[in-house]
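Thanks for coming, everyone. Let me put the structure up, and then I'll walk through it piece by piece.

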Amino acid sequence: MAQKLRGGVRRGVVAGVIALLVTSVSGRTGAEPSGMVRDGDGFVEGRYQSPAGPVLRLPVARMFNDNGAFLTLGDESAAIGGFYDAAGTAVHRGLSIVGQPYGNYNAGCTLCVFSTSDGYDGGGAQAALSGLDYRAGAGAVAHGDLAVAGFYHFDENAPARITAAVASFDADGLTLAQPMTDEQMAVLHPGMYIATNAIDPARPTTGPDGVPTNVAYWAFLKSWDQRHLRVWGWAVPGGSDRAGQVPDVRTLDRTKSRYPGPMAFIGVPAKVFSENNYILFDGDRIYGDHATAVANAYERNEVDFRGTRFDRPHSLSFHGVTTSYQCLPCATDAASDESYAYLVNGPGLPRAYVAQVYGDGLEFQGYSSFIPGNGAPWPGTAGATHIMASFASALPSNNTLLLSQWVLRNATATGDWRDYELRIGGQIDATRDRRRGLIGGSPMGSIAFNYNGQHFGGWCGLGNNANPGLCQEGDGTTDFAARATFDTDAVVRGTMAASTYAATSAKPVLAAIRAAPHAEGDRVWCHDCLNARQVAGHGTGRWIFLDSAGVWRSDDGERATF
C-alpha cells in the first residue's frame, strides 16, 4: 500500500512548524536565538532567565516521538510543553493562534483540525466551509454559505492503516497471508490498535438495544516484520484478561464484516470521540491545613455573546449548540433506541437543565412539546391566553391533536389573580404561539380552575372549552350547571338537597309515582298533578315530595292530587 507522504517527510514538516510556533522567551542575549533545536533527540530548547537566577535551557517542544520515548505520546505526535527540566519540574508552554479567516475551505478557519486518512487532496482534510471551488463563480456563491469558523473540526471512522488477510494466530501475534511492503510497514507504530474478525462465540453479538457488540479479539502492536505482527496479548473488550489467549480462525464475525477468512485491521479504533473532556477536581487540594489549590468552581463551557446596536426587529439570528443528525441512505430505524443528541448523566446534580428566558420566550420547543416562559396572557384583555405547556400528536388524517395547559384572562376586573384561570384541555388543529397562546382550531373539553373568577379553590368541567357542566367548589360542594343524565343508578349516602331532583324524561303521573318504590324526602316531577285553581283531570304538573307520613305533597304543603 503506497503512501503519498512518508513518515520522515511528515516529521520534517512538523519540525519546521513547531520551530516556527515556539515562542521567544525572555532574557535573550546578543544574537543567540531563544529557541534552538537540540541535536539528537528532536527537542526544541528555550532560554530563560529569571530576575534572580541564572540562564536556564528548558525543553519546550519536541518534533517527534520515535521509538516510544514517551509512552503516552504516539510516534506521530509533536508536543509543546510537558517535558521536564534538569530538576525534574515539568516545563509548561501555551499556544496562541491569531488569524482572520477570509474565504472558503481551510482559508475559512483559524484552527483547522482533521482526524482523517486523507491528505489535503482528499475531502477529509478540507474544511466544509462554503466547500465549493470558488473558481466555479456564481455557482460557488449560490450554493455555499460563505461562512468562516474560528475552530473547525473533522472526524470520520477512518479505514485501517492496513487491512490484511491472516494465515494464523498465536498467543504472541499473527502471521499474514501475504508479506507487507516497506511502505505499509512505515505506517505502523508500537501501541497501535489491532482488530480482528475472530470473535468469542460465547458472547452475544448484539446488545439489548440491537446494536452489534464488539466481541472480536483485539491487541496492541508490539513489533513486526514483513510476515508477522507481534502483540502484547489478545483479548476481547469487556471479556477475560487472562494471558495467552489465541483468536480462533474458525469463529469469524458475521454481524459486522463478512470476510470468508480471518482478517486483521491495523490502526483502527472501536469508537470515535470528537471531543472527550476529563476533569479532575480534588477537594483535598483546596480545603484543610495542607491546601495547595484555590479553585472550587468549574464551568464546562461558556459562550458569551454580546450583541450591540441591532436597532431593528428581527435583524439578528443567534443559534447556540446545534446537533445536526443525518443518515442517508439508511434504514429508517438505523439509529438504536438508546441513541440521543444530549445526555446529562449526573447523579447528585441538583439541576440537569436550566432555561432562563423572558416570559414570552420558549424554554423548549419540539414537534410535540411546546413550553414557553412564565409570562401572562397577551394582550391583557378578556379571552387572551398564555400557554404553560402543550403537547401535540400528528394524525394520519393531517389533523393535529393538542393537549395543553394555559392561563386565560377572564372577564372579571379585580386587578389580581382572580382575573385569570388555569385551563387544561384539548384542541384540534390550533396554532401555538409563544406570545398569543392558542389560536384558532376546534375546541375539545377542558378543566378550568377559578372559572369566570367565581369558583375559588375549585374547578369546572367545560364542554367545547366554553360550556360549564359539573363544578366543584372550594368547600367540596358540587354543582351541575347543565342537565345531568345518569345511565345507571345514582346512589346517595346521606341527604341530597337539589332544586330539580330526580327529573326524568318519562313524565310520570301521580298514580305511577305512588306505585313506585320511594323513600322519605324523594322529590319528583308529577306530570298530571293539579296546581291552584285547576280542575280534576286537567292538571298541568308540578314538583311533589314524599313526607315522613308517606304522603306526597306539593311545595305549599297540600296533598298532591290530579
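Start with the barrel. Six strands close it, in the order E9-E10-E13-E12-E11-E14, and the pairing is antiparallel. From one strand to the next, the twist averages 45°. Keep in mind that this is a predicted model.

Let's take one pair from that barrel. E11 and E12 run antiparallel and are joined by four bridges. For a landmark, find Ile-199: Ala-216 in E12 stands opposite.

Now the core. Which residues of the largest nonpolar core touch the most other members? Four of them: Leu-174, Leu-188, Leu-229 and Trp-234, out of 23 residues in that core. Two or more residues come from each of these elements: strand E9 (162-170), strand E10 (173-176), strand E11 (193-199), strand E12 (216-224), strand E13 (228-231) and strand E14 (263-266). E9 gives the most, with four residues. Those element names should sound familiar, since the barrel order is E9-E10-E13-E12-E11-E14.

Zoom in on Leu-229. Leaving aside residues up to four places away in sequence, Leu-229 touches Asp-172, Gly-173, Leu-174, Leu-176, Met-180, Leu-188, Ile-194, Leu-221, Ser-223, Trp-224 and Ile-266. Two names on that list, Leu-174 and Leu-188, were on the previous one as well.

Let me step back for the overall numbers. The protein has four helices and 28 strands. There are 562 residues, and buried ones make up 26%. The accessible surface comes to about 37600 Å². Carbon and sulfur atoms account for 54% of that surface. On contacts, take pairs at least 6 apart in sequence: 42% of those contacts join residues at least 24 apart.

Next, further along the chain. I want to look at E18, E19 and E22. E18 and E19 pair over nine bridges, in the antiparallel sense. One of the matched positions is Leu-408, whose bridge partner in E19 is Glu-421. E19 is also joined to E22, by six bridges, and again the two run antiparallel. There, Ile-428 has Ser-442 in E22 as its bridge partner.

Three residues tell the story here, one from each strand. First, Arg-423. Where does Arg-423 lie? In strand E19, residues 420-428. Is Arg-423 buried or exposed? Buried: its relative accessible area is 6%, and the cut-off for buried is under 20%. What does the side chain have for polar company? A polar atom of the Arg-423 side chain lies 3.1 Å from the backbone oxygen of Asn-465. Contacts of Arg-423 beyond four places in sequence are Ser-404, Gln-405, Trp-406, Leu-408, Ser-446, Ile-447, Ala-448, Tyr-451, Leu-462 and Asn-465. So Asn-465 appears both as a contact and as the source of that backbone oxygen, while Arg-423 counts as buried.

Second, Ser-404, one of the contacts of Arg-423. Ser-404 sits in strand E18, residues 400-409. It is buried because its relative accessibility is 2%, against a cut-off of under 20%. Its side chain makes a polar contact of 3.3 Å with the side chain of Gln-427. Again not counting residues up to four places away, Ser-404 touches Ala-389, Ser-390, Arg-423, Ile-424, Gly-425, Gln-427 and Leu-438.

Third, Met-444, in strand E22, residues 442-449. How does Met-444 come out on exposure? Its relative accessible area is 34%, so Met-444 is partly exposed: partly exposed lies between the 20% and 50% cut-offs. Met-444 and Gly-463 are 19 residues apart in sequence, yet their C-alpha atoms are 6.8 Å apart in space. Past four places in sequence, Met-444 touches Leu-401, Gly-426, Gln-427, Ile-428, Leu-462, Gly-463, Asn-464 and Asn-465. Note Gln-427 there: Ser-404 has its side-chain polar contact with that residue. Leu-462 and Asn-465 are also on the Arg-423 list.

Last stop, a sheet of three strands. This one is open, ordered E26-E27-E28, with antiparallel pairing. Which strands are at the edges? Strand E26 (523-526) and strand E28 (552-554), each pairing on one side only. The twist here averages 40° from one strand to the next. Three bridges join strand E27, residues 542-546, to E28, and these two run antiparallel. To find the register, look for Ile-544, which stands opposite Ser-554 in E28.

That's the tour. Questions?

Note on methods: Residues are numbered from 1 along each chain as its sequence is written. This is a predicted model: local features need pLDDT of at least 70, side-chain atom pairs count only at pLDDT 80 or more; totals for chains, interfaces and linings use all residues. Side-chain values use heavy atoms; hydrogens and water are left out. Buried means under 20% relative accessible area, exposed over 50%, partly exposed in between (1.4 Å probe, protein chains only). A polar contact is a pair of N or O atoms within 3.5 Å; within protein, one must be able to donate a hydrogen and the other to accept it, and residues adjacent in sequence count only if both atoms are side-chain atoms. Contact means heavy atoms within 4.5 Å. A nonpolar core is a set of buried Ala, Val, Leu, Ile, Met, Phe, Trp, Tyr and Cys residues joined through side-chain atoms within 4.5 Å. Two strands pair if DSSP finds at least two bridges between them. Axes are lines fitted to C-alpha atoms, for helices over the stretch in contact, and angles run from 0 to 180 degrees between N-to-C directions. Accessible areas come from the Shrake-Rupley method with a 1.4 Å probe; for residues, only the protein chains shown count as cover.
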